[in-house]
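This report goes through the interior of one protein model, then its main pocket and one of its helices. Please keep the sequence and structure in view while reading.

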Amino acid sequence: MTVRPTTHRVAVLALDGVIPFELGIPSRIFDSARGPKGERLYEVSVCTADGRPVRTEAGFSVAVDHGPEALASADTVVIPPTYDLGAMAGGGPLPEPLARAFEVIEPGTRMVSICTASYVLAAAGLLDGRPATTHWCDAAAFARTFPRVRVDPGVLFVDDGDVLTSAGAAAGIDLCLHLVRRDHGSAVANRAARHCVVPPHRDGGQAQYIERPVPEPTLASTAATRAWALERLQEPLSLAEMADHARMSLRTFTRRFREEAGLTPGNWLTAQRLELARQLLESSDLPVDLVAHRAGFGTANSLRQHMRSVLGVSPVAYRRTFQVAARA
């Protein structure tokens, strides 16, 4: 009987025209995720569809150590973006070498795309009927090209279980950190983020990065109010209190907040409270009702409703999953 390795195997599939920045993201993030004794939690292999070097869009080529055999043994396959999509850009099928490489991927392997690599997953039929995202510049064209995909252009990434997609460039960092958080909990993901000197979680979605007229430099920001609110998540903060702290009218504050954070103030507060509750469930043995109180949900029932709505699990099930993972 073959003994399965304890590390999670990640294959990063580089295509011709790959963008170097995104190509390096999976290795950087997953290699920074370590267990309690400093052990590696992921084994990352960069491969190509045929084992040969690929050219990048930056004017140099990349020689890899692996071919499609890395895909056959992978637990997760990550595909960075390329500007050389060929027929896939118009809804065509996978090119023959790539199609053959996809055939060796085991059913149930977690599939991940960064930025416009969503076209690759869509061309392979993996996104039909599923939610997905891509770079906001390409979202409208992507939706027209693949009408069976439920495209959400406003988010940084979409987690649909065994298939995950991200927006452009740095959103690949957000998605890889999310995978670490999903696999091993917030503490491990936060340590990896600190090691890479990146935020463990970014507020909002792509909406805050879509090109708009530049605001006047004299306009006030809601950043100080967000920082103020983060210190008071346990309190029942109202929109009026937040607007008053920012010294803005309700209408101006709500508009400015959404422009900067990508979320309404209410949705942002809920997301921050949910993140705090997750951290408390993972790192403490506090009763669920006390976790709910400290995170600002008021009651355990309110926390349960929010966790089931967003994460699909109860607080007790969430704690059991991640505390067992932390002891493993």
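In this predicted model, the largest nonpolar core holds 31 residues, and Ile79, Phe102 and Val120 are the ones that touch the most other members. Two or more residues each come from strand 1 (8-13), helix 2 (69-72), strand 5 (76-79), helix 3 (96-103) and helix 4 (118-123). Of these elements, helix 4 gives the most to the core, with 5 residues. Val120 shows how such a residue is surrounded: neighbours within four places in sequence aside, Val120 is in contact with Leu15, Ile79, Leu85, Met88, Leu94, Leu98 and Phe102. A second core, separate from the one above, has 30 residues, including Val10, Leu23, Phe30 and Tyr42.

The next topic is open space. The largest pocket encloses about 1,200 Å³. Its lining is made of 36 residues, and those nearest the pocket centre are Phe157, His201, Arg278, Val310 and Leu311. The table sorts the lining by class.

| Class of lining residue | Number in the largest pocket |
|---|---|
| Nonpolar | 16 residues |
| Polar | 11 residues |
| Charged | 9 residues |

Which elements supply at least two residues each to this lining? They are strand 9 (157-159), helix 6 (171-184), helix 11 (265-283), helix 13 (300-310) and helix 14 (315-327). The largest share, 8 residues, is that of helix 11.

Helix 6 also contains His178. Is His178 buried or exposed? With a relative accessible area of 13%, His178 falls under the 20% limit and is therefore buried. Apart from neighbours within four places in sequence, the contacts of His178 are Phe157, Asp159 and Leu164. Phe157 is also among the residues nearest the centre of the largest pocket.

Helix 9 spans residues 239-246, and its buried residues are Met242, Ala243 and Ala246. Viewed down the axis of helix 9, these buried residues fall within an arc of 95°, so they line one face of the helix. What covers them includes helix 8 (223-230), helix 10 (250-261) and helix 11. Helix 11 is thus named twice in this report: it helps to cover the buried residues of helix 9, and it gives the largest share of the pocket lining. Just after helix 9 comes Arg247, which has a positive phi of about 60°.

Methods
Residues are numbered from 1 along each chain as its sequence is written. This is a predicted model: local features need pLDDT of at least 70, side-chain atom pairs count only at pLDDT 80 or more; totals for chains, interfaces and linings use all residues. Side-chain values use heavy atoms; hydrogens and water are left out. On a 1 Å grid over the protein atoms alone, a cavity is a set of points where a 1.4 Å probe fits but cannot get out, and a pocket is an open set with protein on both sides within 12 Å along at least five of seven lines; lining residues have an atom within 4 Å of a point. Grid points are joined across faces, edges and corners, and a volume is the space filled by probe spheres set on the points. Helices (H or I, at least four residues) and strands (E, at least two) are DSSP runs, numbered from the N terminus. Ala, Val, Leu, Ile, Met, Phe, Trp, Tyr, Cys and Pro count as nonpolar, Asp, Glu, Lys and Arg as charged, and the others, Gly among them, as polar. Buried means under 20% relative accessible area, exposed over 50%, partly exposed in between (1.4 Å probe, protein chains only). Contact means heavy atoms within 4.5 Å. A nonpolar core is a set of buried Ala, Val, Leu, Ile, Met, Phe, Trp, Tyr and Cys residues joined through side-chain atoms within 4.5 Å. The arc is that of the directions from the helix axis to the C-beta atoms.
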